[in-house]
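Visitor: I would like to learn how to read a structure like this one. Please take me through it feature by feature.

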Amino acid sequence: THNVMSKRKLTKLVELGLVDGWDDPRLLTLEGLRRRGYTETAINRFCHDLGVTKSERVCVPYSRLEYYIRNELGDVAPRRFAVIDPIKVVVTNHPGESSSPEIDVPNHPAHPEMGSRKLRFTPVVYIESSDFKREDVKGYFGMAPGKTVRLLYSFDVTCDSIVDDPKDPGGKPLEIRCSYNPDSFGQKPPKGTLHWVGSDAVKADEVRVYSSELFTTEEPGKAPVNGAVADGGAAPAALAAVDDEDQEDEDDEEGGGGAKSDWLTELNGASKEAYANALLEPALAAECRVPEKHFQLQRRGYFVSDRRLTAEGKLVLNMTVSLKESGFTKAVRK
């Protein structure tokens, strides 16, 4: 669902520059799936369990494919910290850089045989911007002024003040000033627990987060639209490249039938988010120099080092799949 398999449609997406080539991780080509981090075994299990049907048209939820790779990586992918949209946090009562505690962090909490690595709790750390709010609200477990949270595997910190950007008061803070409780290590944490990186983190060239929905509709080109371009859809110049004859040929190739719409108007403009300021913990930065290495970025999802750009010496991670299935996904898989 939310994708296309037609060779003509895939070619059109590539030729119009609406995707990043035949190996774009959003495409259901073998090269695209591999670059996204899908393994041969996960794809084969998906195909085996799906079986064969005589039906001319079968719409398989993308979540079924996600289940197999998530299930495979759950036990084998080492856990790592990365902050893809960082906010600077200054720990005002830290004893100093030279006295930064080294914290032993498991590579996989459920598999102690996978060992551990060291993280340094430095005077400056970074958290996700989405883990901070200027006002605390009920049910929110992130950081807010006056609130105490736990830095995962580390200490409790309390937000004491905010340093705003003079050019954007009320926007993303320049930094957050916190104090930490040195006696909180190993104690029962507060409800909020955040992942983080220290000042020794390494800046990635890019971290890419992909949606499972390349199109906004389950079956692109089959749902009628009222002439408007879907949110984030393709530009009118690109749409002009698809004529009525192409549309009919493509419908015939994919099984046809049903009401038709201009499938390019349903392209999801938010299917890819690229983060150029992401920070990786030192162990992750060293390990993802190897192409096609899988990791779980804690509290984010499963990622893989880009097979093409990593070989060129760049630090680029592609998101393979999110961490948890939604209730809808579980219901569909049943």
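Visitor: Let me begin with a cysteine: is Cys159 buried or exposed?

Guide: Keep in mind that this is a predicted model. Cys159 is buried, with a relative accessible area of 1%. The cut-off for that word is under 20%.

Visitor: Which cysteine sulfur is nearest to that of Cys159, and how far away is it?

Guide: A disulfide is a covalent bond between the sulfur atoms of two cysteines. Here the nearest cysteine sulfur to Cys159 belongs to Cys178, at 4.9 Å, and Cys159 is in no disulfide. The cut-off for a disulfide is 2.5 Å between the sulfurs.

Visitor: How many disulfides are there in the whole structure?

Guide: The search finds zero. Another cysteine, Cys47, is partly exposed, at 45% relative accessible area.

Visitor: Now the sheet. In what order do the strands of the open sheet come?

Guide: Strands of a sheet pair through backbone hydrogen bonds, either parallel or antiparallel. In this open sheet of seven strands the order is E10-E7-E8-E9-E3-E6-E11, and the pairing is mixed. The edges are strand E10 (193-194) and strand E11 (197-198); each has a single partner strand, so one side of each is left without a neighbour in the sheet.

Visitor: How do the edge strands run against their partners?

Guide: E11 is joined to E6 by two bridges, and these strands run antiparallel. Within that pair, Val125 has Gly198 in E11 as its bridge partner. At the other edge, E10 is joined to E7 by two bridges, and these strands run parallel. There Arg150 stands opposite Thr193 in E10.

Visitor: What joins E7 to E8?

Guide: Three bridges, in the antiparallel sense, pair E7 with strand E8 (residues 156-163). One residue to look up is Thr148, whose bridge partner in E8 is Thr158. The two strands form a hairpin with four residues between them, and in the turn Tyr153 has a positive phi of about 65 degrees.

Visitor: Which other residues join Tyr153 in an aromatic cluster?

Guide: The cluster consists of Phe81, Phe121, Tyr153, Phe155, Tyr180, Phe185 and Trp196. For the structure, the count of aromatic pairs comes to ten. Phe121 and Trp196 make an edge-to-face pair, with 6.2 Å centre to centre and 85 degrees between the planes. Phe121 lies in the loop between strand E5 (116-120) and E6, and Trp196 in the loop between E10 and E11, so the pair ties together parts that are 75 residues apart in sequence.

Visitor: Are Phe121 and Trp196 buried or exposed?

Guide: Phe121 is buried, at 0% relative accessibility. Trp196 is buried too, with a relative accessible area of 2%.

Visitor: How should I read a charged residue such as Asp131, and where does it lie?

Guide: Start with its place, then its surroundings. Asp131 is in the loop between strand E6 (124-128) and strand E7 (148-151). It counts as buried, at 9% relative accessibility. Its side chain makes a polar contact of 2.9 Å with the side chain of Arg299. Beyond neighbours within four places in sequence, Asp131 is in contact with Tyr140, Gly142, Met143, Leu194, His195 and Arg299.

Visitor: Turning to helices, which residues of H1 are buried?

Guide: In helix H1 (residues 7-15) they are Lys9, Leu10, Lys12 and Leu13. Seen down the helix axis, the buried residues of H1 fall within an arc of 160 degrees, so they line one face. The face turned away from that side carries the exposed residues Lys7 and Glu15.

Visitor: What is found at the two ends of H1?

Guide: At its start, a side-chain oxygen of Ser6 comes to within 3.3 Å of the backbone nitrogen of Arg8. Just after H1, Gly17 has a positive phi of about 70 degrees.

Visitor: Which residues of H3 are buried, and what covers them?

Guide: Ala42, Ile43 and Phe46 are the buried residues of helix H3 (residues 40-50). They fall within an arc of 100 degrees seen down the axis of H3, so they line one face of the helix. What covers them includes helix H2 (30-36) and helix H4 (62-76). On the face turned away from the buried side are the exposed residues Glu40 and His48. Gly51 follows H3, and its phi is positive, near 80 degrees.

Terms used. Residues are numbered from 1 along each chain as its sequence is written. Side-chain values use heavy atoms; hydrogens and water are left out. Buried means under 20% relative accessible area, exposed over 50%, partly exposed in between (1.4 Å probe, protein chains only). A polar contact is a pair of N or O atoms within 3.5 Å; within protein, one must be able to donate a hydrogen and the other to accept it, and residues adjacent in sequence count only if both atoms are side-chain atoms. Contact means heavy atoms within 4.5 Å. Two strands pair if DSSP finds at least two bridges between them. The arc is that of the directions from the helix axis to the C-beta atoms. Rings of Phe, Tyr and Trp (its six-membered ring) pair if their centres lie within 6.5 Å; planes under 30 degrees apart count as stacked, over 60 as edge-to-face and the rest as tilted.
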